[in-house]
Each structure stands twice: as C-alpha cells, then as structure tokens.
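Trainee: I'd like to learn how to read helix packing, a nonpolar core and backbone angles in a model. Can you walk me through them?

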Amino acid sequence: MQSKITKKPSATITVNNKQLELPVYGGSVGPDVVDIRKLYAQTGVFTFDPGFTSTASCESQITYIDGDEGVLLYRGYPIDQLAEHSSFLEVCYLLANGELPNTAEYQRFAKDITYHTMLHAQFDRFFEGFRRDAHPMAIMVGTVGALAAFYHDSTDINDPVQRTIASHRLIAKMPTIAARAFKYSIGQPFVSPRNELDYASNFLRMCFAVPAEDYKVNPVLARAMDVFFILHADHEQNASTSTVRLAGSSGANPFACISSGIACLWGPAHGGANEAALNMLEEIGHVDNIPEFIRRVKDPNDDVRLMGFGHRVYKNYDPRAKAMQKLCHAVLKETGGLDNPTLKVAMELEKIALSDEYFVSRKLYPNIDFYSGITLRAMGFPTSMFTVLFAVARTVGWIAQWTEMMEDESQKIGRPRQVYTGAPKRDYVALDRR
Ligand code: CMC
C-alpha cells in the first residue's frame with residue numbers, strides 16, 4: 001500500500017517534566033492522528049486506551065465512517081448508493097481492488113468466484129465431527145480455520161498471487177461452508193453450488209433446496225440477501241477486523257486469520273447482536289410490554305440493554321440501519337409478514353427510544369442489527385444462523401483489510417502494552433508453608 005498520509009503541524013506534550021514534540025498526520029477525511037510511536041522510548045510512559053476509543057491502529061484506504069454524521073463509505077462510495085445500485089460481487093471487487101470494475105474485470109472476477117465455490121470432497125467429512133446441535137458459528141470457526149489444511153497452495157503470505165487465490169477462495173467458499181453448517185444442524189443433505197446462479201441466489205439455494213422438490217429462487221429474497229451482504233461487507237477497524245489484522249500481523253495464514261475474525265464476530269456486542277436483538281423483540285412480544293422493558297433498560301441496577309441500539313462509532317443514525325429497515329419492509333411484504341407482531345414491537349420501540357431522553361442524551365440510535373434479525377427470520381433463517389450470514393458478508397472486508405496490511409511495509413506485529421497493577425516481585429513459598 002502506498003502511504004497517503006500528510007504531515008500536519010506537530011503536537012507537544014509534557015511528561016515527567018520532559019517536553020516532547022509529536023508528529024501529527026492527516027488522512028483524506030476524518031480526524032488527524034498524533035504519532036506516539038516514540039513516546040515510550042523518549043519518555044518511559046505508555047498511552048492508556050483500553051477498548052481503543054482514541055487509537056488509530058493503522059493507515060487504511062478501504063472504508064470510512066463518520067459516526068457523528070452517520071456516513072459510511074466503501075472506497076469513497078456511500079453505502080446507500082451501493083445498496084441501491086450495486087451487487088455484492090461488485091462490492092467485493094471494489095473493496096478488494098480499490099475501484100469499481102469495468103465489464104471485463106467484473107466478468108473475470110465473477111467467474112473466478114463462481115468457479116471456486118465447491119469444497120474439497122474430504123472437507124465435507126469434517127462436518128460429521130460436530131454434534132448435530134452445535135452452534136453453526138462454532139462450526140464456522142473450526143471449518144474455516146481448517147481450510148489451511150486443504151489448500152496448501154494459497155498459504156504463502158509473502159506471495160501476492162497466493163494471497164489473491166486465498167482471497168478468492170474465501171469469498172467463494174464461505175457461502176458453501178455456511179450453508180453446510182446450516183444443513184448439518186437441521187439434518188438435511190448438503191446441496192452443491194450451481195455455477196449459473198448469482199452469489200446470493202446460489203447461497204439461498206444451498207440453504208433451502210431439498211432433494212424432494214425443485215427449488216426456485218425468489219428474486220426479491222435473493223436481492224434482499226445480496227443487499228444484506230453489501231451492508232455488512234466492511235466496517236473499518238471494528239473488533240473482528242482488528243482481530244484479523246492482529247492475527248495476521250504475526251504472519252499467520254489467511255484462513256487462520258479469518259477464522260479468528262469469525263470467533264470475535266460471534267460475541268453479542270458485535271455480530272451476535274442481531275440474534276440478541278430478535279430474541280429481545282420476541283421476548284417483549286407485544287407493544288403493551290414496551291414501557292416495562294424500557295424501565296428496566298434505564299434502571300442502573302438492571303443490566304438489560306436495548307439490543308440493536310447504540311454503537312461505538314455511530315453517534316447518529318447508523319446509515320446501514322436505514323437501508324436495513326427498507327429491506328425489512330420489502331421482505332415482509334413479499335413473505336406476507338407485514339402484520340408480524342415482532343415488527344410492530346420493533347417500530348414502536350424505535351419510535352419511543354428516538355424520543356426518550358435516556359437514549360437521546362446518550363446518542364443511542366438503532367444500528368444495523370435492529371432490523372436485520374426480523375428480515376432474516378422472515379427469509380427463513382433461524383436465529384442461530386444470523387451471525388453466520390454476517391460472517392459470510394464480512395469475509396471480503398476482513399480479507400481486504402488483511403491484504404492491505406500485508407502490503408503495508410510499516411506494519412509491525414501487533415503488541416499492545418499495559419498498566420500493570422498486580423503483585424510486585426515476591427518470593428515463591430513452598431506448598432507446605434502456605
Ligand atoms: N441500551 C441501553 N443503554 C445503552 C446501550 C443500549 N444498547 N448502549 C449503550 N448504552 C448506555 C450505557 O449504559 C452507557 O450509559 P451510562 O453512561 O449511563 O453508563 C452509555 O450508553 C455508553 O455506553 P458504552 O457501553 O460506554 O458504549 P460503547 O461505545 O462501549 O458500546 C455497544 C457500544 C455497541 C457495545 C453498545 O451500545 C451496546 O451494547 N449495544 C447493544 C449491542 C448491539 O446492538 N451491538 C451491535 C453493534 S452494531 C454491529 C457491529 O458493528 O458490530
């Protein structure tokens with residue numbers, strides 16, 4: 001990656017009576033950064049930023065978020081324009097290569113992805129090792145990491161050609177693995193990918209076709225799946241992406257790195273939130289129960305949170321949530337679920353929360369997960385698959401960020417420091433004297 005950082009007037013800090021001038025850099029948009037890399041060597045202190053609330057961990061040219069304005073750009077293009085006019089595969093090309101493809105580039109890329117969707121036949125035996133009731137995310141973590149054991153010709157991270165092959169394999173095979181995790185959990189036979197179908201249609205077919213019947217892809221649901229994938233494709237240095245970068249910074253192979261991203265995504269504060277949001281809406285059950293639920297959310301002695309609300313970066317309406325809400329209505333209209341009580345609870349809850357002082361003062365707006373659960377449920381997915389679908393979409397973001405890091409010569413192994421508050425040095429005491 002060619003650095004595009006620009007120099008700005010420096011900053012000065014005083015630590016331990018020592019004054020230090022720190023370089024300041026600017027990007028193309030967004031806040032400037034203070035370069036503290038020499039701080040420890042020159043003053044003997046570390047910075048303290050648990051949760052990285054004020055720390056830029058890398059230079060990146062992929063995705064930009066303005067949390068105060070509610071803006072999300074992939075390579076400069078606003079997410080709402082991509083959701084409206086683009087396709088997931090085109091977005092994959094954009095994220096991975098930096099520019100939208102022309103027709104020839106698109107066709108070559110689409111063919112590359114389509115022709116890598118099958119899995120090694122022996123790979124299928126892997127699924128049998130999991131219990132039938134295993135969470136599909138557990139299956140994803142295990143099987144994606146295991147890809148490294150099957151595709152030895154794409155694990156040399158120093159070879160750009162092998163890196164590209166690994167990237168294409170991951171984008172192509174992830175829907176096949178996800179669909180198998182789903183089929184395995186419901187005891188149905190695996191459905192092989194079909195090369196004549198587009199990415200989203202192929203995925204829906206692998207999830208929902210059964211040998212006893214012909215399966216016809218519903219174009220409204222296929223478009224909804226595609227837009228869901230676009231909306232979740234990347235989100236700059238979030239927890240799972242940072243995990244992928246951290247794992248990759250040690251030189252781990254790309255399949256292992258993406259598997260670590262999937263593990264991180266699983267948590268309810270990150271990708272698991274769509275599952276948690278739908279569970280919450282169903283638990284509330286009826287609009288009459290909302291006031292009591294809101295009371296509990298506001299009670300400092302109760303640890304209930306309004307799932308699908310709030311975001312570390314967005315302090316305004318999450319732009320993905322707006323597109324997701326539109327998608328939700330289109331899917332429910334198509335599946336005849338506009339009277340769905342969960343949707344009614346969601347809409348009422350959103351209305352109340354957007355005018356309630358507690359949420360307004362904390363800038364807690366609906367995030368993408370608030371409406372995605374209802375949408376995915378209406379499409380026929382069980383809640384346990386929601387985070388898996390997020391992982392399928394985010395794979396391209398993870399791999400684009402991993403590739404960018406591999407091409408960045410200034411990147412070092414990730415190694416944060418700490419403020420130690422444990423016991424100071426003390427002598428070992430033998431067991432019989434304790
Ligand atoms: N419901 C109720 N109160 C909340 C919520 C919520 N969802 N989120 C934050 N708060 C309150 C929190 O209690 C705190 O209040 P106070 O100042 O009185 O102590 C204040 O808002 C700040 O919260 P925080 O935990 O310091 O904020 P954070 O930036 O660390 O947390 C978050 C961000 C996403 C983890 C959090 O908002 C949350 O837990 N939301 C629910 C889970 C969720 O929907 N996650 C999906 C995120 S979007 C998908 C993705 O990009 O991965």
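Mentor: Let's take helix packing, then the core, then the backbone. Keep in mind that this is a predicted model.

Trainee: Fine. How should I describe two packed helices?

Mentor: Two packed helices are described by the angle between their axes and the distance between the axes. Try α9 (residues 219-231) and α14 here: their angle is about 165 degrees and the axes lie 10 Å apart. Angles over 145 degrees count as roughly antiparallel, so α9 is roughly antiparallel to α14. The crossing of this pair is left-handed.

Trainee: Which residues of α9 and α14 make that contact?

Mentor: From α9 you get Val220, Leu221, Ala224, Val227, Phe228 and Leu231. The α14 side brings Arg320, Ala323, Met324, Leu327, Ala330, Val331, Glu334 and Thr335. Sorted by type, the residues of the α9 contact with α14 come out as 11 nonpolar, 1 polar and 2 charged.

Trainee: And at what angle does α14 pack with α15?

Mentor: About 155 degrees, with the axes of α14 (residues 319-335) and α15 (residues 341-355) 13 Å apart. That makes α14 roughly antiparallel to α15. Here, too, the crossing is left-handed. Gln325, Cys328, His329 and Leu332 of α14 meet Leu343, Met347 and Glu350 of α15. The split for the α14 contact with α15 is 4 nonpolar, 2 polar and 1 charged.

Trainee: Now the core. Which residues touch the most other members of the largest nonpolar core?

Mentor: General idea to start: in soluble globular proteins, nonpolar side chains tend to be buried together. In this model, the largest nonpolar core has 108 residues, and Met140, Met225 and Phe381 touch the most other members. Helix α18 (residues 386-406) gives the most to this core, namely 13 residues. For a close-up, pick Met140: setting aside neighbours within four places in sequence, Met140 is in contact with Met174, Ile177, Ala178, Ala181, Ile262 and Val388.

Trainee: Last one, backbone angles. What should catch my eye?

Mentor: Most residues other than glycine have a negative phi, and most peptide bonds are trans. So look for exceptions, such as Glu236, whose phi is positive, near 40 degrees. Glu236 sits in the loop between α9 and α10 (239-249).

Trainee: What is the relative accessible area of Glu236?

Mentor: It's 22%, so Glu236 is partly exposed. Lys363 also has a positive phi, near 55 degrees. You'll find Lys363 in the loop between α16 (357-361) and α17 (369-379). With a relative accessible area of 42%, Lys363 is partly exposed.

Conventions
Residues are numbered from 1 along each chain as its sequence is written. This is a predicted model: local features need pLDDT of at least 70, side-chain atom pairs count only at pLDDT 80 or more; totals for chains, interfaces and linings use all residues. Side-chain values use heavy atoms; hydrogens and water are left out. Axes are lines fitted to C-alpha atoms, for helices over the stretch in contact, and angles run from 0 to 180 degrees between N-to-C directions. Helices (H or I, at least four residues) and strands (E, at least two) are DSSP runs, numbered from the N terminus. Angles under 35 degrees count as roughly parallel, over 145 as roughly antiparallel, 65 to 115 as roughly perpendicular and the rest as oblique. A crossing is left-handed if the near helix is turned anticlockwise from the far one by less than a right angle, and right-handed if clockwise. Contact means heavy atoms within 4.5 Å. Ala, Val, Leu, Ile, Met, Phe, Trp, Tyr, Cys and Pro count as nonpolar, Asp, Glu, Lys and Arg as charged, and the others, Gly among them, as polar. A nonpolar core is a set of buried Ala, Val, Leu, Ile, Met, Phe, Trp, Tyr and Cys residues joined through side-chain atoms within 4.5 Å. Buried means under 20% relative accessible area, exposed over 50%, partly exposed in between (1.4 Å probe, protein chains only).
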